[in-house]
2 protein chains.
Amino acid sequence: MFLLTPVLVAVICIWMVWIFKNADGSTERRKGEPGAEARPWVDEDLKDSTDVHQEEAEADEWQESEEEVEHIPFSHSRYPEKEMVKRSQEFYELLNKRRSVRFISNEQVPMEVIDNVIKAAGTAPSGAHTEPWTFVVVKDPDMKHKIREIIEEEEEINYLKRMGPRWVTDLKKFRTNWIKEYLDTAPVLILIFKQVHGFSANGKKKIHYYNEISVSISCGILLAALQNAGLVTVTTTPLNCGPRLRVLLNRPTNEKLLMLLPVGYPSEDAMVPNLTRKTLDQIMVTV
Amino acid sequence: MFLLTPVLVAVICIWMVWIFKNADGSTERRKGEPGAEARPWVDEDLKDSTDVHQEEAEADEWQESEEEVEHIPFSHSRYPEKEMVKRSQEFYELLNKRRSVRFISNEQVPMEVIDNVIKAAGTAPSGAHTEPWTFVVVKDPDMKHKIREIIEEEEEINYLKRMGPRWVTDLKKFRTNWIKEYLDTAPVLILIFKQVHGFSANGKKKIHYYNEISVSISCGILLAALQNAGLVTVTTTPLNCGPRLRVLLNRPTNEKLLMLLPVGYPSEDAMVPNLTRKTLDQIMVTV
């Protein structure tokens, strides 16, 4: 009996360690799982399970940038003060008319305009000038429909299962749901991928500093360019669709879907929520 | 002797659990620590150790959005096709002249222009229309100098200690280092904070969906607006300075520094690296 006790305690000890380890693991897993408190639009949305795991990559897989770049004088167009004020006022007024439009007609748009707005987006700054963006322009009706099928399938699960009631309530006022007709009707879908890393000429990986922020800045410029050209869109981040859409569009694993913009003219009966914007006082602080 | 053995084994058992727990903890901590392979510009840069830990917040601290928003017909300005092409071409050409300028003169800029560019930035779309941005405009020379001191102090550590040699090499071609004279000379610094959550009228927390992406989009529009007005800037993400600058500028804990833009006219001897941009073929794929 006395001889058995240490063995028994040892068994209890191993069992306790096991319990402890599992408890830790499940806590961690829970953090990443969808659910009302885990906020999956942050944790899961832009995650692509087919990721290349950068943190596991060997140091010598990464390429240092070695080129020395020549520096040249900067040439600048300066306007008189009065014109600066006028230009900035007009630009604000133009952009203030922009709305997220979910009703898009099937009328074709000039492709030269699409080229130009994407060229404008490509002028964005990026971490260490890595330009970590790929704009996939989808015009083919079959491909648009396949994209719609994937997004509606995943979105229905988001609405009914993955997301908490708060998310559904928060979106209700915009009358959004998982039916995305604009994915068929819009003449052009622009899918914006962030390249989480690049490749050098010698095949080694190249770090893309701040790639998500850089690509989002580029999308801001794209939205301004579309508004300036008289086209409408709605900024969408298809939740949990990234990996399937990446495979469908045959993009490499270093690219992850960040946003999808359906682009076109508004349909005749297009409605928008009657929202107002914060005033300057509410968004600006002067020191 | 036999009586003591179970006690001894129990002590060993508690000690093993302790070892296990600590081992797990240190592994986790290491993941977040700066170091060449951990890529701290992703892990650490935008982190603010004074964060409110959202994941620990109680469910009933969060406010559901309940307002029903009226929907109204969307009114749209449409241009003839030829004008669309012309407008999109001119917008691209305007933005293509934008460069990141690190040499900024101390000449004052019209504050009405600053107001207008921030109003333009405030037209950006945001997750569930939460408008999660605060633009802090710093004109006061003493405050600008304090900001410079914090940034240079942290940046020197970044260059000499925190970041790996690859980061230093990758930045060498831009001739950047930890001396940031523009923080004193630029007449205006715009510090852009993302609000990681908001507050409802009743004091409950309001979720800010996709706040970092939304604020980055807004910064893209801000950059376009500055370029349109004839002002220059450089997009900076002051590494590891967020918490100190937030405290200095007296911003609440739900706000985190995302970017800092020094704004002004270029100095007469301003130089820029002779970089080219990717061509349309390199950034666009058509399906």
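Q: Let's start in chain B of this predicted model: in which loop is the place of Pro132(B)?
A: Two elements of chain B flank this residue, helix H4 (111-121) and strand E2 (133-138). Pro132(B) sits in the loop between H4 and E2 of chain B.

Q: Is Pro132(B) buried or exposed?
A: Buried means under 20% relative accessible area. Pro132(B) has 0% relative accessibility, so Pro132(B) counts as buried.

Q: Which residues does Pro132(B) touch, leaving out those up to four places away in sequence, and how far is the C-alpha atom of Phe193(B)?
A: The contacts of Pro132(B) are Ser126(B), Phe193(B), Lys194(B), Gln195(B), His208(B), Asn211(B), Ser214(B) and Val215(B). Phe193(B) is 61 residues from Pro132(B) along the chain. The C-alpha atoms of Pro132(B) and Phe193(B) are separated by 8.4 Å.

Q: Over to a sheet with strands from chains A and B: what is the strand order?
A: This sheet is open, has four strands and shows mixed pairing. E2(A) and E3(A) pair in the antiparallel sense over six bridges, while three bridges join E2(A), residues 133-138, to E8(B) in parallel. The order is E6(A)-E3(A)-E2(A)-E8(B).

Q: Why is one side of strand E6 of chain A and of strand E8 of chain B left without a neighbour in the sheet?
A: E6 (255-263) of chain A and E8 (284-286) of chain B stand at the edges. One side of each is left without a neighbour because each has a single partner strand.

Q: By how much are neighbouring strands of this sheet turned against each other on average?
A: The average ignores strand direction. For the neighbouring strands of this sheet, the turn comes to 20°.

Q: Which residues stand opposite Thr134(A) in E3(A) and Val136(A) in E8(B)?
A: On the E3(A) side, the bridge partner of Thr134(A) is Phe193(A). On the E8(B) side, Val136(A) stands opposite Val285(B).

Q: Which residues of E2(A) point one way and which the other way?
A: In a regular strand, side chains alternate between the two faces of the sheet. In E2(A), Trp133(A), Phe135(A) and Val137(A) point one way. Six of the six residues of E2(A) are buried, so the strand is largely enclosed by the rest of the structure. Pointing the other way are Thr134(A), Val136(A) and Val138(A).

Q: At about what angle to E2(A) does helix H4 of chain A run?
A: H4 (residues 111-121) of chain A lies across E2, E3 (188-195) and E6 of chain A together with E8 of chain B. Relative to E2(A), H4(A) runs at about 165°.

Q: How do H4(A) and H8(A) pack, and in a crossing of which hand?
A: Two packed helices are described by the angle between their axes and the distance between the axes. For H4(A) and H8(A), residues 211-229, the angle is about 145° and the axes are 8 Å apart. The crossing is right-handed.

Q: How do the residues of the contact of H4(A) with H8(A) divide into nonpolar, polar and charged?
A: From H4(A) come Val113(A), Val117(A), Ile118(A), Ala120(A) and Ala121(A). They meet Ser218(A), Ile221(A), Leu222(A), Ala225(A), Leu226(A) and Ala229(A) in H8(A). The contact divides into ten nonpolar, one polar and no charged.

Q: Which residues does Ile118(A) touch, not counting residues up to four places away in sequence?
A: Ile118(A) is one of the residues that touch the most other members of the largest nonpolar core, which has 94 residues. Its contacts in chain A are Phe135(A), Val137(A), Ile190(A) and Leu222(A). In chain B, Ile118(A) touches Leu280(B), Ile283(B) and Met284(B).

Q: Is Phe91(B) buried or exposed, and which residues does Phe91(B) touch?
A: Phe91(B) is found in helix H3 (residues 81-96) of chain B. Its relative accessible area is 6%, so Phe91(B) is buried. Not counting residues up to four places away in sequence, Phe91(B) touches Phe91(A), Ala120(A), Ile221(A), Ala224(A), Ala225(A), Asn228(A) and Ala224(B).

Q: To finish, what share of the 287 residues in chain A is buried?
A: The secondary structure of chain A comes to ten helices and eight strands. Buried residues make up 55%.

Key. Residues numbered from 1 in each chain as written. Chains lettered and ligands numbered in written order. Predicted model: local features only at pLDDT ≥ 70, side-chain atom pairs only at ≥ 80, totals over all residues. Heavy atoms only, no water. Pairing = 2+ DSSP bridges. Axes fitted to C-alpha atoms, helices over the stretch in contact; angles between N-to-C directions. Contact = heavy atoms within 4.5 Å. Left-handed = near helix turned anticlockwise from the far one by under 90°. Nonpolar A, V, L, I, M, F, W, Y, C, P; charged D, E, K, R; others polar. Core = buried A, V, L, I, M, F, W, Y, C linked by side-chain atoms within 4.5 Å. Buried < 20%, exposed > 50% of the residue type's maximum accessible area, 1.4 Å probe, protein only.
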